[in-house]
Structures are given as structure tokens and as C-alpha cells.
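Ready to find your way around a new structure? Here are a few exercises, each followed by a worked solution.

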Amino acid sequence: MPGIPEQILAERLGRGDRQAMKYLYGLYAGYLNAVCSRYIPDREAAKDVLQDSFVRIFSSAGTFRYRGEGSLKAWMKKIVVNGALKYLQKSSRNCFVTGLDNFQDIPDDGFDEDYGMNAVSPAVIQEMIRKLPDGYRTIFNLYVFEDKSHKEIAKILNIKENSSASQLHRAKALLAKWIREYLKEKEAEL
Amino acid sequence: MTEKWKQEYIDKMSGYSEPAPEALFDDIMDVMDHRDKNRKRIMLLIPGIAASAAAVIAAVLLLNHSGTPEVQYRDLLTDNVLEKIPAAVILPEIERPSELHGMFRRTLSGAGTPDAENAAGGSGTVSLPEERVPSEEARETVRETPDDVKEPDADYEGSARDEWQLFHDSGRERRRSRHSAFNVFASGLSGRTASHAGYSEAVTMASAFPMKYGDNSLSGIMTLNMTKDVNTETRHFLPVRAGVSFSWWFARRWSAGTGLTYSWLLSKSRTGSDENYVDSRQVLHYVGIPLNVSFDIWTASRFRVYASAGGMLEKCVGGNVGRDYYYSGMLRSSETEKLSVAPLQWSLAASAGLQFGLTRMIGLYAEPGITWYFDNGADIASVYSERPFNFSLNLGIRFSFE
């Protein structure tokens, strides 16, 4: 089934076409897996959420309305992110309100600098994001990749708006720190 | 206007992908197939469960229909019963023996003079005035209850037990013998109900010991009832049970479980005549450990419908019986007594259940089902011994482990 337009694919999915499902899976499973594991570091849990998300995608494909190129991909991503958030809320280790400030030694400046992300592969960035503490990671993901405002994040996660802002600040700082360290190590290896 | 740093991350990660786990697609398809099947099953299942639950409830209510407070004390010797009982046996009973204890003898010899050897006690027994023979006309139609026996046992001429059964049967084929303690019965709302002429077995046993009028309330009642019809009505209510369960899932839809249950057994009885009688109320406390296997019929996000089969071991951890003695309808004395049932109680059960999950691990469940209680030879009658095959409803909290 080469190059099926999204629209046709969506239609077929809506009718429960298993071939279309297989095709869609082949096309987007990797991407959606990456999104999922960016939210959930636990591989087993991420796999479960991904599975549930696909089942939901396939089951509710009938309700999807094609709205232009990329809308199918965006719709699927939204389902995965929602599934991940639901899981994170249930999981007991999750704590969106981090009272402790463990990273006070991070300098306040340099956040908008170009900290040489170009030299770092996406896989490494992914691992860094996964390494973030739970609350930071979720807020970072929602702010950066889902383009949510702090107000919206506060509503989704049931936290205060300035808590969201400060956690994002710390997430950014941590990542920046790790990227710098990574680049230094890479330089040293050379 | 997206911040620069943000855009960098977006650009970097937008095309990033990680290969999905092997066989995930097959798993997804399995779930989809499962859902389609479930959808069809639910269409049949919900009305099916509703129908069978209604049928079980109807059956139980029907079988227990005899239990209403309006049961009047009646002489069971209706024409129906009389037809089947040869006169030779009936006569001694009608001509009630003059000695008090004779009323409760179990053996009746054919021609009908009281068998002196069977008299309990010797010279210490009280001789009471000859009672009036209950008139034949006093027979009213007994309200037919499934629990009362209509046919005497075929070889009634044989054992005392069978003859006893003619007039004092509770309607079950297998009568469990009890040897001491006051049997407590209750009638009414579900559980087990029985009515029969004569005193309750326990009173009968108690009266085997010689006593004089004035000795105690029981002897007083029995004396006062000499010229009256006496009857006994019993009610064993269905146990109220609550518990905590722990379940482990060892396959996708199968789980094994155990737990702890507490059951509260209530029984009530009234024995005597309309004016002079004994009212008793028995409560037994049982603690049990169930063991069962369950199969998930249907699961949704928070709900779970399942079928379960297994057994339980229970032990009576306490109980008491309270008795009120009434003369001419007025309370004369009361007493309470502690009870215990020594033997362990085994049972088997099959049930269907509905569970609502509060969290991933904790859920609330309701399990209607049927249970069979094994005969453990216990002295004390309760719903477990009198109605061993019964409807049950278990409620509780379940902790689930995957």
C-alpha cells in the first residue's frame, strides 16, 4: 500500500479496515513510541500506554475528521499524550508539586543562549528528557512539545501556574547543564 | 512567537522515532478482537445476568414463602396428613399421655399406650392432670408450605426418628440430629423457615429432665400449655457477610484469590402456644477464609464482571442466644446464654460478581451466588445447618495483584 493519502487512510480506518490499521501502524508506531517514552521512562508502562493508545485510535477512528495534512498524525499524538498523562496521574510515584529545590546551583543566565544543541543527536536529547524528574519532565513536554501555556498546564496537572513556570525553568536548566556536560565529554574524547 | 530554545527542541525531536516493541501490533489486534467479542457478549450477558439473578431471587423467595409472621399455630393433623397415617400410630398421639415428659417421647408403639420404658426420669416426674384431648373439630386447614412435610416416611413404624418426623418434621429429607442446646429458629425474610406442631426440639430435650411447675419458666409454660395446641416457628435469616479479598492474576482473565470474611447469622424462634411461649433470638459470628478462582467475563475501565468458584472454611468465633419466656402474653423472664460452635464449617460456592475499581489495586465488589454448607455435625442449628444450599451475597473490598 504505497503512499496512501491521510484522508483515504482515515476513511478506511473508520470502517475498521485491518489493512489500513497495519499500514498506519507501520507508518507511525515509531514516532508515537518516541512520544510516549518521552513522557514515561518506564519501558513496560510506556508499551502499555502505547498499546492502549493504538486501540483507542483504531476504535475511535470513526470519529476522526480529516482537517488537512498532518491532522491525522496530530490527532494520534494527542491520544498518546492523553494516555501518558492519565498513566502518570495514576502512578503513585508521580508528584507534580515538587517542594524541594535541589538545583539551586544552576545559574540563572544563559537559557536563551545557543547551547550547541546542533551537536547532540535526538536520541541523546530523548534520554536526557527521560532522565528528568517526573514533574519537570511532564511540564517540559507539555510546554515545549504540546505548546501549552503555563495556565493550561496548571489546569491539566492541577497545580499552580507559577509552580508550572518554576518547574519548567528548572527543567530547562537541568537539560542545559547536561547538554553542556555531554558536549564537554564528547570534546574530551576527541 | 515561539522562543528560540523551544523551537530548537521542537525541530530536533519532531522527526525522532524509536522502533515500537515487537509483536505490539498483534497485541493490539488481539485487544480489538476481544472488544468486538465482548461487545456481543455484553448484549447477551447483561440481560442474562439480570434474568438469572431474578430467577435465583424468585426461587429463594418462593421456597421461603412460608415465612410470614402471620402463620397461625395450627394443628398439623389435617385431613391430608391423616389420610396417610394409619390410625394405629395416630391414636396415641391424640390421647396425650398424662405424664408431661411423655409428650416428648420419640417412640410410639403401635397400639398406643405410652411406653413406660421410654419415659425419661423416674419417680421424680410430675404427674399432671389428664389433658383434654384435642378435638377432631379443631383441625383447621394448614396453610400449605413447602417446608412442612405432607407425607410421612414410608417405614414410620421403624425408628423413632421417623415417627418423630411425622409430627415434628421441618420438611427436609435429611434431618440432622442435634443433641443439646436450644435450637433457635427464625421465620420470615428469606433464609430458612419452618413451622411444626409441638414444641421445638430443644424444649423437648430440655423437658426430658424432670421438672415441676414453678421450677423455671419453661416448665411453667409447658404446664400452662397442657390443654393448648403448641407450635413452633423458626426462622433462619440469610447471613450478612462482609469481607476483604486479595486476588492474584495469573493469566489474562484468570485470578486466584483468598481473603477474610465475617458472617453474622441470625435465627429467631417461637415455641409454645399463643399465650405461653418462648421467644428466642440467636446470633452467631463466623470468621472465614475463602479460596477461589475467578474468570473475568468482561472488563472496562473501572468495572469488572466475573464468575467465581471456590470454597470457604469458617469457624464460629462466638455467639449468643437470648430467650424470653411469656406467660399469657406477658414477659415473665429472660435469659441469655453464650454459644459456640466447635466444628469448622466448610462450604462451596459459585458466584458472579461485579467489581468497581477505586484505584488500580483496590476495588469494591458485590458477589451474588449460591453456596453449599457441609454438615459438620454441629449441635446448634443455624441457617448453615438448616438451609445448607442457599443464596448468598458477599460484599467487600478487594486488593488486586497483577
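**Exercise 1.** Which residue stands opposite Leu348(B) in β8(B)?

*Solution.* Keep in mind that you're looking at a predicted model. Start from β8(B), which covers residues 345-357 and pairs with β6(B) in the antiparallel sense over 12 bridges. Now look across from Leu348(B): Gly311(B) stands opposite.

**Exercise 2.** Trace the other pairings of β6(B), and say how the hairpins are closed.

*Solution.* Step one: take β5(B), residues 277-299, and β6(B), residues 303-327. They run antiparallel and pair over 22 bridges. For a sample pair, pick Tyr286(B), whose bridge partner in β6(B) is Cys316(B). The link from β5(B) to β6(B) is a hairpin through three residues.

Step two: move on to β7(B), residues 330-338. Eight bridges join β7(B) to β6(B), again antiparallel. Here Val321(B) stands opposite Glu337(B). This hairpin has two residues between its strands, and Ser328(B) in the turn has a positive phi of about 45 degrees.

**Exercise 3.** Why does the end-to-end distance of α4(A) agree with its number of residues? Then find what covers its buried residues.

*Solution.* Count first: α4(A) runs over residues 71-90, which makes 20 residues. At 1.5 Å a residue they should span 28 Å, and the end C-alpha atoms are 29 Å apart, so the two values agree.

Next, the buried residues: among them are Leu72(A), Met76(A), Val80(A), Gly83(A) and Leu88(A). Their cover includes α1, α2, α3, α6 and α7 of chain A.

**Exercise 4.** Run the same kind of check on α8(A).

*Solution.* This helix, residues 161-189, has 29 residues. From first C-alpha to last it reaches 42 Å, close to the 42 Å expected at 1.5 Å a residue.

The buried residues of α8(A) are Ser164(A), Gln167(A), Arg170(A), Ala171(A), Lys172(A), Leu174(A) and Leu175(A). Among the things covering them you'll find α5, α6 and α7 of chain A.

**Exercise 5.** How many residues of chain A are in contact with chain B, and which elements of chain A give two or more of them?

*Solution.* Start with the count: 23 residues of chain A are in contact with 21 residues of chain B. On the chain A side, the elements giving two or more residues are α2 (18-39), α3 (43-59) and α5 (122-131). The top contributor is α2(A), with eight residues. Finally, sort that side by class: 14 residues are nonpolar, five polar and four charged.

Methods: Residues numbered from 1 in each chain as written. Chains lettered and ligands numbered in written order. Predicted model: local features only at pLDDT ≥ 70, side-chain atom pairs only at ≥ 80, totals over all residues. Contact = placed C-beta atoms within 7 Å. Helix = DSSP H or I, 4+ residues; strand = E, 2+ residues; numbered from the N terminus. Nonpolar A, V, L, I, M, F, W, Y, C, P; charged D, E, K, R; others polar. Pairing = 2+ DSSP bridges. Expected span 1.5 Å × (residues − 1). Buried ≥ 20, exposed ≤ 12 C-beta atoms within 10 Å, placed from the backbone.
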